[in-house]
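Here are my notes on this one, in the order I'd go through them at the bench. Have the viewer open while you read.

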Amino acid sequence: MLNYQTISDNELAGLLKSGDRKAYTEIYNRYTWLLHIHAYKWMQDREEAKDIVHELFASLWTKRETLSFPENLSAYLYTAVRNRIFNVISHQKVESAYLSSLQQFIDEGTCVTDHLVREKQLAALIEKEVSALPPKMREVFELSRKSQLSHKEIAAQLDLSEQTVRKHVQHALKILRIKLGLIVFLFLISHY
């Protein structure tokens with residue numbers, strides 16, 4: 001019987017590549033907290049750090065057969081987390097620059113009528129996609145975005161956990177981002 005807690009990272013990496021779930025679980029147990037701390041130092045946001053680490057481990061399992069680990073598994077994991085952090089930061093800068101330029105356009109009042117028409121069309125499109133969400137997810141999302149309730153308030157109102165509320169909002173945004181595209185999604189985040 002193999003004691004996974006005592007075997008080396010290199011052996012765990014080899015077992016992971018062959019689809020060994022216990023090896024995957026041991027890697028997760030060894031590194032999840034350390035990687036979370038590392039991500040938090042950069043992001044200063046616990047939920048964002050948790051999401052980054054979660055996505056890394058999900059990817060580690062789904063791509064296990066094609067991954068080539070260097071001699072040091074921990075170095076691989078830290079590098080993968082760092083790359084994900086850089087991607088998130090880069091994406092946030094792009095969003096921020098886009099929203100700034102959009103705000104400048106709005107402030108200048110150029111083509112106000114055209115802008116209002118487009119905004120109404122955009123709002124109708126968003127409304128259509130929101131109404132297509134699963135019922136509970138839609139209800140949570142609308143309470144969050146339209147009623148401006150906090151996750152805690154929504155959880156209390158619907159008798160759900162805050163974690164469930166957060167997941168509903170995240171999944172709704174992900175679905176909408178896929179269906180509506182980046183520009184509409186950015187509008188949704190800032191205006192809806």
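1. Let's start with Tyr24, keeping in mind that this is a predicted model. Tyr24 has a relative accessible area of 17%, and anything under 20% counts as buried, so Tyr24 goes down as buried.

2. What does Tyr24 pair with? Its ring partner is Phe57: the two sit edge-to-face, 6.3 Å centre to centre, with 75 degrees between the planes. Phe57 is buried too, with a relative accessible area of 1%. Since Tyr24 belongs to helix 2 and Phe57 to helix 3, the pair ties together parts that are 33 residues apart in sequence.

3. That pair has company. Ring pairs join Tyr24, Tyr28, Phe57 and Trp61 into a cluster. Across the structure there are four aromatic pairs.

4. Now for the two helices themselves. Helix 2 covers residues 21–43 and helix 3 residues 46–62; their axes are 8 Å apart and meet at an angle of about 150 degrees. Angles over 145 degrees count as roughly antiparallel, and helix 2 and helix 3 are therefore put in that class. The crossing of helix 2 past helix 3 is right-handed.

5. Who makes the contact? From helix 2, the residues include Tyr24, Ile27, Tyr28, Tyr31, Leu35 and Met43, and from helix 3 they include Ala49, Ile52, Val53, Leu56, Phe57 and Trp61. Charged residues take part as well, among them Arg21 of helix 2 and Arg46, Glu48 and Lys50 of helix 3. The tally for this contact is 16 nonpolar, two polar and four charged residues.

6. Another aromatic pair to click on is Trp42 with Phe86. These rings are edge-to-face, 5.3 Å centre to centre, with 85 degrees between the planes. Trp42 is in helix 2 and Phe86 in helix 4, so to speak of distant parts of the chain is fair: they are 44 residues apart. Are these two residues buried or partly exposed? Trp42 is partly exposed at 42% relative accessibility, and Phe86 is partly exposed as well, with a relative accessible area of 37%.

7. Last stop, Ser74. Ser74 sits in helix 4, which takes in residues 73–108. With a relative accessible area of 17%, Ser74 is buried. Leaving aside residues up to four places away in sequence, Ser74 touches Asp9 and Tyr31. Tyr31 has already come up, as one of the helix 2 residues in the contact with helix 3.

Note on methods
Residues numbered from 1 in each chain as written. Predicted model: local features only at pLDDT ≥ 70, side-chain atom pairs only at ≥ 80, totals over all residues. Heavy atoms only, no water. Helix = DSSP H or I, 4+ residues; strand = E, 2+ residues; numbered from the N terminus. Buried < 20%, exposed > 50% of the residue type's maximum accessible area, 1.4 Å probe, protein only. Contact = heavy atoms within 4.5 Å. Axes fitted to C-alpha atoms, helices over the stretch in contact; angles between N-to-C directions. Parallel < 35°, antiparallel > 145°, perpendicular 65-115°, else oblique. Left-handed = near helix turned anticlockwise from the far one by under 90°. Phe/Tyr/Trp six-rings, centres within 6.5 Å; stacked < 30°, edge-to-face > 60°.
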